[in-house]
Structures are given as C-alpha cells and as structure tokens.
Amino acid sequence: MQRANSSLFGLQLLGAGTPEVESLRSYVQRLAYAHHVSPRRLFPELLVMYPLDQVSLISVKNSLDDWAISGKGVVVDALLTRLQRATHRDLRPAVAQRFGHLFATQQFCRAPSQMHCPECVKEDAWDGLPYGRLLWELTPVTCCPTHRVKLVDSKRCGKGAASTFSQRPLLSGVCPDCGSIGYACRDERVEATDEEIWIAEQVGALVALTPDETAEFEPASVRAGIAATVRAEFGGELATAAVASGLGRTSVFAWVRKERLPSLDSLLKFCWRARADLLTLLHGTYQRNESAGGVLATSLAKRKYSQIALDWEQIRTMLIEEAKKTAPRAVEDVASELGTCSRNMRASLPVETERLAERSKQYQAAAYAQKSEELKSKLRAAANALLEEGQRVTKTNIMERSGIRIFNGRSRIRQAALREVLAENGITMTPVGASLLPTE
C-alpha cells in the first residue's frame, strides 16, 4: 500500500535512541527553516490543517512564546500529535511527556531559556547545522556527558552583535545575534564537576530510551525501587534517607507511602546520596552505582554548615554603633547578618543588646506614627473632596478616592487610620479582618 504524502516535510528526528536525541523545540525550528518560514508562521498553518479540539489557542500561543513545548502538559500533547500527523514521523522521543507518569511536573524543563554544549554545536557545524538536545532542556542537567563541560547560555553573543528582530535566526546551535553557526563567535570551555557529569549521564540514559521502553516503567515500580534503596542504604528509615539526601524530612515517606510522584531533581539527589542507579531504581530494584557520591556527596546531598567563629568584642562595637543610627535595625536583623541568633546576643551582651532593642522599638514607633499621620492626612483630603462634590463619605468611596486599599484585612496601620477618619465623619468601621473589607 502506497504511503500518503505528508503535509509538512518529514524531517528525521536526530539522535533518536541515544542520549543526544533532539528536542521538539529544535525539531520545530529545523522544520520551519526547511519551509522557509518562522515557527510563528508554521504553527498557524499547522493548526489550520489540524484544528485544536480541547486546547485553547491562547494556551498554545503562550507555550510557543515561552518555547515550553519539550516538556509535559496538554498543550505539548496537542502540538506533538499534530506535528506527527503532518510529518508522518514518530516525535515522541523529542519530548519529556513520555516521563509524565513517573515524575512530578515542577522544575522539569527550562523554558524559555536555552542552553547548549559549546563542543557539541561546534562538532555539529562541521557536517551542517547544529541541533538542540532534549537533554539540554531538562532542568537538572547542567553539563554535557560526552564532552564533560558545562552548558552555556544560548542567548549571549561573543561578538556583542545585535541583529534586527526580523533577521534573527531561530535555530539551535546558531547565535541569535550574529548568526554564527556553532557559536563560532564564542570560545569557552568550563570543565564540569563529577556530580554534574553523573547527573548528565543518568538523565542521558533515561532520554535514550524509546517511548515503548519508557512505558514499561510504572509508578509502582518506582516506589518499589525507592523502598529497596532505603532498605539497602538507610536501614529502612525513610526520614533518615530524606534528610541524608538534603530533602524534606517527609519527602521519601510521601513517595513510598502516599504514592506521590518525585520530581526528577529530587530523585537524582536521592540516588546520588544512596549510590543508586536511576534506571535500575525505576525498574523497581536497587543497584549500587560506584560513581555516585554516597557519603562524600557535596552539593547534591545535605548541606554542611560550619559554626561561625564570633568575635564578641567586635559585635559589642557593632551593637553600639547600630544603636546610634537614625534608623537602627531590629536585634534579629543584626543577629542574622552576623550568623548568630538574638538569644545568643542577649546572653553574651545583654546591656548592648537591650539598648539596641529599645532604640529600634522607639524608631519603629516613631515611624509608625509618622506613617499613620500621612495616611490620615491623605484620607481626610479624600473625605473633604467627596463632601465638596456633594457625595457621601463611605468606606468604599474614601478608599477609591484616596487610593488607599486594605486587602483581606491586612495592614493594620491603614485600618487604624481609615477607622479614625471614618469615625470623624460619623461612620463606624467593621472589625479588623471582617468579611466586609474589600478584597482583591
């Protein structure tokens, strides 16, 4: 049976089945380039051929403006389906949508920002036009696992050139300002850390899977893998595993017992600390990965805080000088800046700390009174203007005329000023926080 012609050029998805699989963002840019139009012109034509069903046109436009089309969501699914019908190509490997049943959606893809490996785009340029990898668009990945260098921002031109909006090329691996292929305008190479390389390798193995292989994973197997890892490395203690991984104390408990999906970033932190292989964990078992951090993990594991050495004589001098200022800060603010707490300061320097606390209290009271008088002056002026126009002075009218609003019962200083001015006009204001207060 003869295959029907595609509505758009059936460009091949680059790098499918490898960690260097192309992102949908890059594919759309190449497809628009092949048709000699911009992506903004290509998508309206696509939606004319295959109209939207349940997704609004505004949602699609917002996603395109932010280039949020390689991640997850109904808009991504709608565009992916229509692009596949128009090109007769399987583009599922180009999006993170295929991992939607395994990971939470927050902080999954970086959009609209774009990153690239400086070495990859240079090598691509030798054979033609570079292309963008899906791996580069996933938030946890900050380096290239092949060249072991940090990813760089794609929107910075090495020449400092600035082409007009209509002349800017929209292709991955091509400088949007000067148009140099493979970012020849820039020469930068920053070596990645072991942690960054490990993350990129783990996520690279994930994106290299085919959609059918990804579908074999189930949330239940992910929970089983996490539980097996906790038993092997943390003695079955869920809270210990979470704290050791630098996560919230109940995070791992929520994954295992509450059946909540972990974010990819959080699960990588957990795997790094437990020396666990990500793909093996997703299959429901635990396999030790010696290249991971384990106990020696640094930035991916729980942060270690060292005790700050405090010079109390120097702090005494700082407290005395702070108390002499026209606008002295609160004791808590000074303590936070010094890396200690107000309780320690009161215990070690009680006289100086109390003197600052009293001066700060006096300043805050004076500032409150001054602000209150300014508010009442403004409210009285609004009330007088309403009376001169023959209008009633009501709570709503006076706030609209003065521009002073009270949202959801907040801002007690405004409430007090408004209550006093209304009382001067014979109006009793409702209690603080009452439902009659205007809300946003």
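Visitor: Which residues is Leu206 in contact with, leaving aside its neighbours within four places in sequence?

Guide: In this predicted model, Leu206 touches Arg98, Phe99, Phe103, Leu264, Leu278, Leu279 and Leu282. What counts as contact here is heavy atoms within 4.5 Å.

Visitor: And what makes Leu206 stand out in the largest nonpolar core?

Guide: Leu206 is among the residues with the most contacts inside that core, along with Phe103, Ile226, Val252, Leu267, Phe270 and Leu282. The core has 74 residues. There's also a second, separate core of 14 residues, and Leu375, Leu379, Ile398 and Val421 are included in it.

Visitor: Let's go to the helix pairs. Why are H17 and H18 called roughly perpendicular?

Guide: Look at the angle: the axes of H17 (residues 350-388) and H18 (residues 395-402) cross at roughly 110°. The range for roughly perpendicular is 65 to 115 degrees, so H17 and H18 earn the label. Their axes come within 9 Å, and the crossing is right-handed.

Visitor: Which residues of H17 and H18 meet there?

Guide: From H17 you've got Lys378, Leu379, Ala382, Ala383, Ala385 and Leu386, and they meet Asn397, Ile398, Arg401 and Ser402 of H18. Sorted by class, that contact has six nonpolar, two polar and two charged residues.

Visitor: What makes H14 roughly parallel to H17?

Guide: Again, it's the angle. H14 (residues 312-324) packs against H17 at about 20°, with the axes 9 Å apart. Angles under 35 degrees count as roughly parallel, so that's the name for H14 and H17. H14 passes H17 in a left-handed crossing. On the H14 side the contact is made by Arg316, Leu319, Ile320, Glu322 and Ala323, and on the H17 side by Glu352, Thr353, Leu356 and Arg359. They divide into four nonpolar, one polar and four charged.

Visitor: Now the backbone. What is unusual to find in a residue that is not a glycine, as in His88?

Guide: A positive phi: His88 has one of about 60°. You'll find His88 in the loop between helix H4 (74-87) and strand E1 (115-116).

Visitor: Why does His88 count as partly exposed?

Guide: Buried means under 20% and exposed over 50%, with partly exposed in between. His88 has 30% relative accessibility, so it's partly exposed.

Visitor: How do you know whether Glu259 is buried or exposed?

Guide: Its relative accessible area is 53%, and the cut-off for exposed is over 50%, so Glu259 is exposed. Glu259 sits in the loop between helix H11 (251-256) and helix H12 (264-274), and its phi is positive too, near 60°.

Terms used. Residues numbered from 1 in each chain as written. Predicted model: local features only at pLDDT ≥ 70, side-chain atom pairs only at ≥ 80, totals over all residues. Heavy atoms only, no water. Core = buried A, V, L, I, M, F, W, Y, C linked by side-chain atoms within 4.5 Å. Buried < 20%, exposed > 50% of the residue type's maximum accessible area, 1.4 Å probe, protein only. Axes fitted to C-alpha atoms, helices over the stretch in contact; angles between N-to-C directions. Helix = DSSP H or I, 4+ residues; strand = E, 2+ residues; numbered from the N terminus. Parallel < 35°, antiparallel > 145°, perpendicular 65-115°, else oblique. Left-handed = near helix turned anticlockwise from the far one by under 90°. Nonpolar A, V, L, I, M, F, W, Y, C, P; charged D, E, K, R; others polar.
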